[in-house]
Amino acid sequence: MTTSGVRRALLAVLGVALLAGCDSGTAMSGSTSAVPRPAPPTAECPAEGVRISAASAEAAMGIRVLTIEMANCGPGPYRVSGYPDVRLFDEEREPIDVAVLPGSASIASVAAFDAPPTPVTLRPGEKAWSGLLWRNLVTDSTVDATTAVRMEAASIEGMPWQRVPLVVPDEVDGTRTVTIDLGNTGKLGVRAWHKTPADAPNPPDPHRPA
C-alpha cells in the first residue's frame, strides 16, 4: 500500500471512531434527560414556618370584614399570642397611611373582634384565624379616599412580612379579588388570632356586624 493509501485508511478509521463517540454521547445525554425530576414546589413554606392568606370577605352597609388565616406549614409547633401586623399599599405600590388598631376600634359593634388575645399553639397542618374590619366611608371631602389592592402581614409585630394576595374563594367563579376600600377613615380594626376547631372548616363565629 502506498503512503497516501495508508493515510486515507487511517483517516477513515478515525472518522468512524469520532462518529461512534458522537453517537455514544448523544445516547448518554438522552438517557440523562429521561431521569424523572421532582416538580418545583407550588407554594413554598416561609422560613418562619407559617403561611398567611386571605380566607373570606363580607360586606354589609358600608362595613367590611376580611378573614385571614395562618397555617402552620413547618415541621414543628408554632406558638403565637396577639394580633397580626398589617400594612397596605395602593395601585402604585405606595404605602397607605392607616392606623391598624387592636379589636373593633369603634368601627362597628362586632363582639368577636374585642375578645382579648389568648395563647395559640399550632401543630403542623393546623390553622388559626384573624380578621380585618373597616368602613368604606367618606367623611371629609377634602381628604382623598384610599383603596388598598396589596397587603402584607406578619404573624405578630416584629415578625417577617409576607405578601398576602387579596384573593378569596367564591362559589360562582372559584376565586375573586377583593380590595380594602377605606374611604378616608384611615382606620383598620384587627382581631386577635384564635384557633379553629379541627371539625370546623370556617371560623366558628363568622365576623358579622351586630
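1. A residue counts as buried when its relative accessible area is under 20%. By that cut-off, 36% of the 210 residues of the chain are buried. Keep in mind that this is a predicted model.

2. Now the secondary structure. The chain has 1 helix and 15 strands. Helix 1 covers residues 3-33. Strand 1 runs over 50-60, strand 2 over 63-72 and strand 3 over 78-80.

3. Next, the contacts. Take those in the chain with a separation of 6 or more. Residues 24 or more positions apart account for 74% of them.

4. On the surface, the accessible area of the chain is about 12700 Å². Carbon and sulfur atoms contribute 57% of that area.

5. The disulfide count is 1. The bond links cysteine 45 with cysteine 73, and the S to S distance is 2.0 Å. The angle about the S-S bond is 75 degrees, and the link is right-handed.

6. What does this disulfide tie together? Cysteine 45 sits in the loop between helix 1 and strand 1. Cysteine 73 sits in the loop between strand 2 and strand 3. The pair therefore ties together parts that are 28 residues apart in sequence.

7. Are the two cysteines buried or exposed? Neither label applies, because partly exposed covers the range between under 20% and over 50%. Cysteine 45 is partly exposed, at 32% relative accessibility. Cysteine 73 is also partly exposed, with a relative accessible area of 27%.

Conventions: Residues are numbered from 1 along each chain as its sequence is written. This is a predicted model: local features need pLDDT of at least 70, side-chain atom pairs count only at pLDDT 80 or more; totals for chains, interfaces and linings use all residues. Side-chain values use heavy atoms; hydrogens and water are left out. Helices (H or I, at least four residues) and strands (E, at least two) are DSSP runs, numbered from the N terminus. Buried means under 20% relative accessible area, exposed over 50%, partly exposed in between (1.4 Å probe, protein chains only). Contact means heavy atoms within 4.5 Å. Accessible areas come from the Shrake-Rupley method with a 1.4 Å probe; for residues, only the protein chains shown count as cover. A disulfide is a pair of cysteine sulfur atoms within 2.5 Å.
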